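Visitor: I should like a close look at a single part of this structure. Please take one helix and the sheet beside it, and describe how they fit together.

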Amino acid sequence: MAHLSDLHLDAAGSAHTHRVQSALDALAQVRPRPQLLLITGDLTQHGSPEEYELLRDLLGDCGRCALVPGNHDDAALVHRLFPDMSPPAGGMARLDIEDLSLLLADSCVARQDHGELNRDLLQSMALELDRDPRPTVLAMHHPPVPAPVPAMEEMGLRQVSVFEECAARRAGLIAILAGHYHQAQFTALRSGCPVIVAPSVAPPLVPDFTASSFRGEPRAPAGLLHFWNR
């Protein structure tokens with residue numbers, strides 16, 4: 001599985017669009033070809049129909065894709081335009097990758113940077129994990145772990161303890177994949193479930209652990225490849 005995040009796609013010919021195209025061109029060279037491309041949010045900069053049409057054009061040759069909305073997206077519009085590869089607004093969807101189950105969750109709060117998983121979504125997630133014995137990966141935009149830099153402290157997932165309680169009782173949940181922080185981060189919940197935060201395709205954050213504001217730096221776009229050994 002290829003994993004990109006935080007494209008912030010805005011307009012044809014823009015610097016962000018060139019970065020997205022560069023990342024997709026690099027993935028096209030991977031062999032064997034990833035079975036799925038997962039993008040964990042902030043697909044666009046403004047959540048406009050024109051930006052999503054541009055995204056559709058760019059993903060045209062990428063094969064099977066899965067998308068979750070980020071705080072810069074319009075979650076309802078994402079699902080309307082990409083119904084087979086994204087969760088409904090405020091909800092969850094499931095995709096199958098051979099013997100692996102991939103749950104896509106919308107962790108966004110309208111017009112806010114932070115994320116939340118509402119009670120209905122957590123109940124649906126618990127039921128899905130309980131009824132499906134296969135190993136399951138959960139993908140969402142907001143990581144359920146603290147941000148690596150103080151500037152993003154208030155922008156992560158809220159009510160993490162409630163989520164952790166739900167996740168800790170489900171041995172089938174083998175990993176959580178997220179984005180949002182514009183830096184790669186590898187950690188785990190208290191239960192031991194790995195949390196893998198993808199770096200961004202848009203410019204990553206300068207790793208300043210003392211600043212109260214953040215800025216990007218012009219490094220090459222980055223992503224991750226996840227291999228599942230059955």
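Guide: Helices (H or I, at least four residues) and strands (E, at least two) are DSSP runs, numbered from the N terminus, and two strands pair if DSSP finds at least two bridges between them. This is a predicted model: local features need pLDDT of at least 70, side-chain atom pairs count only at pLDDT 80 or more, and totals for chains, interfaces and linings use all residues. Residues are numbered from 1 along each chain as its sequence is written, and side-chain values use heavy atoms, with hydrogens and water left out.

The open sheet consists of four strands in the order β3-β2-β1-β10, with mixed pairing. At its edges lie β3 (65–68) and β10 (224–225), each pairing on one side only. Strands β1 (residues 2–4) and β2 (residues 37–40) run parallel and are joined by three bridges. Helix α1 (residues 15–28) packs on this sheet and touches β1, β2 and β10 (contact: heavy atoms within 4.5 Å). The direction of α1 makes about 170° with that of β1 (axes are lines fitted to C-alpha atoms, for helices over the stretch in contact; angles run from 0 to 180 degrees between N-to-C directions).

In α1, the buried residues (under 20% relative accessible area; exposed is over 50%, partly exposed in between; 1.4 Å probe, protein chains only) are His16, Thr17, Arg19, Val20, Ala23, Leu24 and Leu27. Seen down the axis of α1, these buried residues fall within an arc of 160°, so they line one face of the helix (the arc is that of the directions from the helix axis to the C-beta atoms). Their cover includes β1, β2, α2 (49–58) and β10. On the other side of α1, Ala15 and His18 are exposed.
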